[in-house]
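Hi everyone, thanks for coming along. Let me put today's protein on the screen, and then I'll walk you through it.

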Amino acid sequence: MPHPERIRRKSALILTVALAGCASSPVMVDGIAVSDPFEAQNRRVHAFNKGLDARVIGPIAGLGGSGRGDAPGTAGQPGAMDLVINMGSNLSLPGKIANSLLQGRPGPAVKNLFRFAVNSTLGIAGMFDPAGRDFGLPETDTDFGETLAVWGVPEGVYLELPVLGPSTQRDAVGKAVDLLIDPLWHLLDSDRQRAVALGLRIGSKAGDRARFGDTVDSVLRDSADSYAQTRLIYLMHRRHELGQEGSDIDPYADTGPDGHIIDPYAE
């Protein structure tokens, strides 16, 4: 059987060659390097995503109120949107555990494993968050796009994906692989269970949209060029997340109490 390290190196090499074949010389836009040879197509997809947000995602998010856990008359108690956010976040943890292990980072994997175990039991299938509230186990976020970055795969060109929103070639591959390597997805034994799990993930993102609606609206509705603004913010934040050189400033550092960007279309 091939050694796992050899498989990792070969996979990274194949992806690096594939992405390099599509790459174009980056240009400096507002002080950051941007490679966007598909801008015309990306702008059409962005227009579609804006319409989807205005007609579907935004209104659905609005049904959940603020999503901050303070429904009218129940101050301090989680609202329906918070429960959806918590369950969706909990279901994403097995995939994040797998990615941390693929990155050679057992510490975050162990913490997320304990978080998943506590919230799946004491938190009633992830509806509540005793792991964070009572045990000091916050979620450590990661994905296969970050795994590819750790393996040395370049980000490739900028893409805007239908429904999923801003991305890069590397992160687009990561989104697809995240679903394939998610252990929970393979443990679910029926299409109905998988549909429920996917629905909770989508509902969780709608909850994020509700919690940070003003920020999302500011980018999508108030910008002179919402496509360019979305592209700039995504690339700056993503490079900051990955700790890349020259990305010391996170443009969304002050977005919300949990301190991370909210992408209205992210999977």
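Before we start, one term: when I say two residues are in contact, I mean that they have heavy atoms within 4.5 Å. Also, please keep in mind that what you see is a predicted model.

With that in hand, let's try the term on Val34. Which residues is Val34 in contact with, leaving aside its neighbours within four places in sequence? They are Pro26, Val27, Val29, Arg231 and Leu235.

Val34 also takes us to the largest nonpolar core. That core has seven residues, and besides Val34 they are Ile32, Tyr158, Tyr227, Leu232, Tyr234 and Leu235. Where do they come from? Strand 2, residues 32-34, and helix 12, residues 226-241, each supply at least two of them. Helix 12 gives the most, with four residues. As general background, nonpolar side chains in soluble globular proteins tend to be buried together.

Apart from that core lies another one, of six residues, including Met87, Leu91, Leu184 and Ala197. Let's stay with Leu184 for a moment. You'll find Leu184 in helix 9, residues 183-187. Is Leu184 buried or exposed? Its relative accessibility is 15%, so Leu184 counts as buried, the cut-off being under 20%. Beyond its neighbours within four places in sequence, Leu184 is in contact with Leu91 and Pro94. And here is a nice pair to look for on the screen: Leu184 and Gly95 are 89 residues apart along the chain, yet their C-alpha atoms are separated by 7.6 Å.

Back to helix 12, because a charged residue there is buried too: Arg239 lies in that helix, and its relative accessible area is 12%. The C-alpha atoms of Arg239 and Glu155 are separated by 9.5 Å, with their positions 84 residues apart along the chain.

Now for a pair of helices. Helix 4 covers residues 93-102 and helix 5 covers residues 106-121; their axes come within 8 Å and cross at roughly 165°. How do the two run relative to each other? An angle over 145 degrees counts as roughly antiparallel, so helix 4 and helix 5 are roughly antiparallel to each other. Helix 4 passes helix 5 in a left-handed crossing. On the helix 4 side, the residues that meet helix 5 are Leu93, Pro94, Lys96, Ile97, Ser100 and Leu101. Facing them from helix 5 are Pro106, Pro108, Ala109, Asn112, Leu113, Arg115 and Phe116. The residues of this contact divide into nine nonpolar, two polar and two charged.

Next, two loop residues with an unusual backbone angle. Most residues other than glycine have a negative phi. Ile124, though, has a positive phi of about 55°. Ile124 sits in the loop between helix 5 and helix 6, and is partly exposed, with a relative accessible area of 47%. Val163 also has a positive phi, near 70°. Its loop is the one between strand 3, residues 158-161, and strand 4, residues 165-168. Val163 is partly exposed as well, at 40% relative accessible area.

Let me finish by stepping back to the whole protein. How many helices and strands are there? The protein has twelve helices and four strands. Of its 267 residues, 41% are buried. And among contacts with a separation of 6 or more, 65% are between residues 24 or more positions apart. Thanks for listening!

How values were computed: Residues are numbered from 1 along each chain as its sequence is written. This is a predicted model: local features need pLDDT of at least 70, side-chain atom pairs count only at pLDDT 80 or more; totals for chains, interfaces and linings use all residues. Side-chain values use heavy atoms; hydrogens and water are left out. Axes are lines fitted to C-alpha atoms, for helices over the stretch in contact, and angles run from 0 to 180 degrees between N-to-C directions. Angles under 35 degrees count as roughly parallel, over 145 as roughly antiparallel, 65 to 115 as roughly perpendicular and the rest as oblique. A crossing is left-handed if the near helix is turned anticlockwise from the far one by less than a right angle, and right-handed if clockwise. Ala, Val, Leu, Ile, Met, Phe, Trp, Tyr, Cys and Pro count as nonpolar, Asp, Glu, Lys and Arg as charged, and the others, Gly among them, as polar. A nonpolar core is a set of buried Ala, Val, Leu, Ile, Met, Phe, Trp, Tyr and Cys residues joined through side-chain atoms within 4.5 Å. Buried means under 20% relative accessible area, exposed over 50%, partly exposed in between (1.4 Å probe, protein chains only).
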